[in-house]
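Welcome, and please open your viewer. We will go from stop to stop, and at each one you will hear what to select and what to look for.

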Amino acid sequence: MPELPEVETVANGVHERVHGQRIERVWTSGKPQTFKSPESEIAEVLTGARIERVRRVGKTIVVSLERKADSSALPRNDKTGAEFLVHLGMTGRLLVSAPEVPLPPHTHAVLSLSGGNELRFVDARRFGRLSVRIADAYGGPGAEPLTISEDEFVALFRGRKLAIKAALLNQTLLHGVGNIYADESLFRAGIRPRRQAGRLTRAELLRLRKELIAVLKNAIRLGGSSVSDYVDADGVRGFFQLEHKVYGRAGGRCRVCGAGLKKIVVGGRTTVYCPVCQS
DNA sequence: AGAAGGACCTGCACGC
DNA sequence: TGCGTGCAGGTCCTTC
C-alpha cells in the first residue's frame, strides 16, 4: 500500500520519464468514483498541456502543467498553470509504458505523450482518486514529516486524546504516514501504539520524529515497501518490506528481543507491536 | 470540535 | 476441486 516512500519513488520515476512532454490524448474509464473532478474537465485540462514537473506532496502525486492559452475548464488564472492530482489509494499504480504493451486490467486513465509513451493509471480496488485544479503549489492537508521541525512535531500532538498510532495516521496532522511506517516508527522509538498522543513526553516525541524520518528515508532509498501490488513507474517492486520489524509479522518473534509480536486494532487498523521493546 | 467507526472495492489466502 | 468467507486499508462521511 503506497505511503510516503512509495509515492515518492513513483513520483520521481514518473518525473524522469515524462517531464517536458505534451499530453496529446486522454482516455478515461468512466468509473465515477475514481474521478474527483468530472472526467470531461480532466480531459479538457490535460489534453494539449505540457508536463512541467511531477512531485510528491503527502501521499498525493502532483503533476504540474503548463496551461494552454485556450483552456476554459478551470477558472482563469493567467499567472499559473494547472495541477493534475493522483492519489494511489491502496492499489493504484502510475505506469509509463510503450503503447504496444497491453493495457492491464483495471486501467482507468491513459495519457498519450508526445515522446511516444503512455502514462497509465491502473487501480484494481479503486480507492485511488484523480482530479485537476488550478495550480497554487498544492500543499496537502497536514505537515510534511521529512522536513518538520522538532518543536512543530511536538506541538502536533499536544492535548490530543487519541492513540499515538491513530494520530500518526491522521493526514490533517501529518501527511504521508500510513499503517506500515506508523507501526515501524513506533517500534523503533519503543512506544506502544495505544498510548495517548498528548501524554507522550517531549523526549519520546523527539525519538519518534527521529525514527520516523529515518525509516521513511531508508524506505525511499530501497524503493519503498512492496506489499499488496505496489510497483514503481517501471513496474518494479521495492525492497523495504524485507526490513520490516513488525508490520505484517504478527505471531512472529521480535527481531530484537525474541518476544512474541502482538496484534491489536488501533484507530480501526491492524497494529503489530512488541510488548517488551515498546513500553 | 474532536474522536470513532463504517462504507467503499477487489484480489487473495484460507478452510471445509 | 471448488466454493464461500474474511481480511487488507486510505480516505470520506456519518455518528457520537
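**Stop 1: a pair of strands to begin with.** Select residues 262–266, strand β9, and residues 269–273, strand β10; the two run antiparallel and are joined by five bridges. This is a predicted model, so keep that in mind at every stop. Now pick I264: its bridge partner in β10 is T271. Together β9 and β10 make a hairpin, with two residues between the strands. Click on G267 in the turn, where phi is positive, at about 60 degrees.

**Stop 2: the first open sheet.** Strands of a sheet pair through backbone hydrogen bonds, either parallel or antiparallel. Select β1, β6, β7 and β5, and you have an open sheet of four strands in exactly that order, with antiparallel pairing. Which strands stand at the edges? They are β1 (23–28) and β5 (92–97); each has a single partner strand, so one side of each is left without a neighbour in the sheet. From one strand to the next, the twist averages 15 degrees.

Stay with β5 for a moment. Six bridges link β5 to strand β7 (residues 118–123), in the antiparallel sense. To see one partnership, select S97 and then E118, its bridge partner in β7. Next, add helix α1 (residues 4–18), which packs on this sheet and touches β5, β6 (107–113) and β7. The direction of α1 makes about 25 degrees with that of β5. Helix α2 (residues 39–46) packs on the sheet as well, touching β1 and β6. Here the direction of α2 makes about 170 degrees with that of β1.

**Stop 3: the second open sheet.** Now select β2, β3, β4 and β8. These four strands form an open sheet in the order β2-β3-β4-β8, and the pairing is antiparallel. At its edges are β2 (50–57) and β8, each pairing on one side only. The twist in this sheet averages 20 degrees from one strand to the next.

Both helices from the previous stop come back here. α2 packs on this sheet by touching β4 and β8, and its direction makes about 60 degrees with that of β8. α1 lies across β2 and β3, running at about 165 degrees to β2.

Zoom in on the pairings:

- Strand β3 (residues 60–66) and strand β4 (residues 82–87) run antiparallel, joined by six bridges.
- Select V63 and look across to F84, its bridge partner in β4.
- β4 is also joined by six bridges to strand β8 (residues 129–134), again antiparallel.
- A82 stands opposite I134 in β8.
- E83 has R133 as its bridge partner in β8.

**Stop 4: helices that cross.** Two packed helices are described by the angle between their axes and the distance between the axes. Select helix α5 (residues 179–189) and helix α6 (residues 202–221): their axes come within 8 Å and cross at roughly 125 degrees. α5 and α6 are therefore oblique to each other. Their crossing is right-handed. To see the contact, show Y181, E184, S185, R188 and A189 of α5 together with R207, L208, E211, L212, V215 and L216 of α6. By class, this contact has six nonpolar, one polar and four charged residues.

Keep α6 selected and switch its companion to helix α3 (residues 150–157). These two pack at an angle of about 115 degrees, with their axes 10 Å apart. α3 and α6 are therefore roughly perpendicular to each other. α3 passes α6 in a right-handed crossing. E150, F153, V154 and F157 in α3 meet R202, L205, L206 and R209 in α6. Sorted by class, the contact of α3 with α6 has five nonpolar, no polar and three charged residues.

**Stop 5: the DNA strands.** Show DNA strand B and the residues that surround it: Q33, A124, R125, R126, F127, R160, K161, L162, A166 and G268. The surface near DNA strand B divides into four nonpolar, two polar and four charged residues.

Move on to DNA strand C. Which of the 13 residues around DNA strand C come nearest? Select M1, K59, G178, N179 and T270 to see them. Near DNA strand C, the surface residues divide into four nonpolar, six polar and three charged.

Definitions and conventions
Residues numbered from 1 in each chain as written. Chains lettered and ligands numbered in written order. Predicted model: local features only at pLDDT ≥ 70, side-chain atom pairs only at ≥ 80, totals over all residues. Near = placed C-beta within 6 Å. Nonpolar A, V, L, I, M, F, W, Y, C, P; charged D, E, K, R; others polar. Axes fitted to C-alpha atoms, helices over the stretch in contact; angles between N-to-C directions. Parallel < 35°, antiparallel > 145°, perpendicular 65-115°, else oblique. Left-handed = near helix turned anticlockwise from the far one by under 90°. Contact = placed C-beta atoms within 7 Å. Pairing = 2+ DSSP bridges.
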